[in-house]
Amino acid sequence: MTQTLDEALTGISGILVTPYDADGDVAPARLAPILDRALAAGLHMPVVNGNTGEFYALTTEEACTMVRAVVDLVAGRAPVLAGVGRGIRDACQLARESARAGATALMVHQPPDPFVSPRGIVAYLQAVADASGGLPMMIYLRNDTIGTRAIAELCAVPGVKGVKWATPNPMKLAEAKAACNPSIVWVGGLAEIWAPTFYAVGARGFTSGLINVWPERSVAIHAALEAGDYAGANRLIAGMKAFEDIRAEEMNGTNVTGVKAALLALGRDCGPTRPPSAWPLTAQQQAKLEAFIADNALS
């Protein structure tokens, strides 16, 4: 492994799909060519059990299977970020298994419980940290309405190294960043399209589902942003925006569908998505996807 965790956090956190076999069971071996290509292209950190990995459609045992398999497939070539979440007992079980598997750090999904208090999330993070034996943590923030003070309290929990900022509010990101320890790494959590905006207010790196399909483009966008070449980054983003537009349809219900449909079209079948995600693409969506693949000569 050539990169430290701090270096990897400022790179691309590539959210892997979860492949299924013909019986609908998880089939992590199907990730091997996808991972090999992404790592060869320069992916900084694979992420297992993220939202592009259909985390909430998996059982906890399936998520444990995925983290063990992905760590084995990566084989020390990069740090591995493992998603954990859901009820506290499931989150702690997955944290323990991720640590045993050899994950480098945890990405802690924001609890979706309808009754969440900011101080309850602090307790949640502390329990997850204890269960993992102290693995570093990235907070996955999808709702910033808890406020800057609460975000600062979360970032002050021992072991928190970064925040995946996944809300379209760059000024709130800037405010939260200023309120927290400078050592916290703020990562753009809305993929390539939002990356320049988040970079402009101090974020570094970004998450990506595109890496499953076209990792070379993701890496080129990252390199442009790191060089301060916003114009170049935006030109590269314009060339992949059609793909993200497909993923954003149906209230983002085609987010994973678009990735798995593209993999299927490229001969790397990872199975369908599980409900309530949409499957398959509509005829119109599929036509857009095929045009995107042809226009960019993807293979």
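This report walks through two helix packings, one cavity and one pocket in a predicted model.

## Helix 5 against helix 6

Let's start with helix 5 (residues 118–132) and helix 6 (residues 148–155), whose axes come within 9 Å of each other. They cross at roughly 15°, which makes helix 5 roughly parallel to helix 6, as angles under 35 degrees are counted that way. The crossing of this pair is right-handed.

If you want to find the contact on screen, look on helix 5 for Pro118, Ile121, Val122 and Leu125. Their partners on helix 6 are Ala150, Glu153 and Leu154. Sorted by class, the contact of helix 5 with helix 6 has 6 nonpolar residues, 1 charged residue and no polar ones.

## Helix 6 against helix 7

Helix 6 also packs with helix 7 (residues 170–179), with the axes 9 Å apart and at an angle of about 50°. That angle makes helix 6 oblique to helix 7. Here, too, the crossing is right-handed.

Which residues of helix 6 meet helix 7? They are Thr148, Ile151 and Ala152, and they meet Glu175, Ala176 and Ala179 in helix 7. By class, this contact has 4 nonpolar, 1 polar and 1 charged residues.

## The enclosed cavity

Now for the empty space. A search of the whole structure finds 1 cavity of 30 Å³ or more, and the volume of the largest cavity is about 50 Å³. Its lining consists of Val108, His109, Gln110, Pro111, Ile121, Leu125, Ile139, Tyr140, Leu141 and Leu154. Strand 4 (105–109), helix 5 and strand 5 (137–141) each give two or more residues to this lining, and strand 5 gives the most, with 3 residues.

There is a link back to the helix packing: Ile121, Leu125 and Leu154 line the cavity and also take part in the contact of helix 5 with helix 6. By class, the cavity lining divides into 8 nonpolar and 2 polar residues, with no charged ones.

## The largest pocket

The largest pocket holds about 1,000 Å³ of space. Its lining has 37 residues, and those nearest the centre are Asn51, Tyr140, Arg142, Asn252 and Asn255. Helix 8 (191–200), strand 8 (206–208), helix 11 (241–247), helix 12 (249–252) and helix 13 (255–265) are the elements that give two or more residues to the lining.

How many residues of the pocket lining are nonpolar, polar and charged? There are 17 nonpolar, 13 polar and 7 charged residues. Tyr140 is worth a second look: Tyr140 lines the largest cavity and is listed among the residues nearest the centre of the largest pocket.

How values were computed
Residues are numbered from 1 along each chain as its sequence is written. This is a predicted model: local features need pLDDT of at least 70, side-chain atom pairs count only at pLDDT 80 or more; totals for chains, interfaces and linings use all residues. Side-chain values use heavy atoms; hydrogens and water are left out. Axes are lines fitted to C-alpha atoms, for helices over the stretch in contact, and angles run from 0 to 180 degrees between N-to-C directions. Helices (H or I, at least four residues) and strands (E, at least two) are DSSP runs, numbered from the N terminus. Angles under 35 degrees count as roughly parallel, over 145 as roughly antiparallel, 65 to 115 as roughly perpendicular and the rest as oblique. A crossing is left-handed if the near helix is turned anticlockwise from the far one by less than a right angle, and right-handed if clockwise. Contact means heavy atoms within 4.5 Å. Ala, Val, Leu, Ile, Met, Phe, Trp, Tyr, Cys and Pro count as nonpolar, Asp, Glu, Lys and Arg as charged, and the others, Gly among them, as polar. On a 1 Å grid over the protein atoms alone, a cavity is a set of points where a 1.4 Å probe fits but cannot get out, and a pocket is an open set with protein on both sides within 12 Å along at least five of seven lines; lining residues have an atom within 4 Å of a point. Grid points are joined across faces, edges and corners, and a volume is the space filled by probe spheres set on the points.
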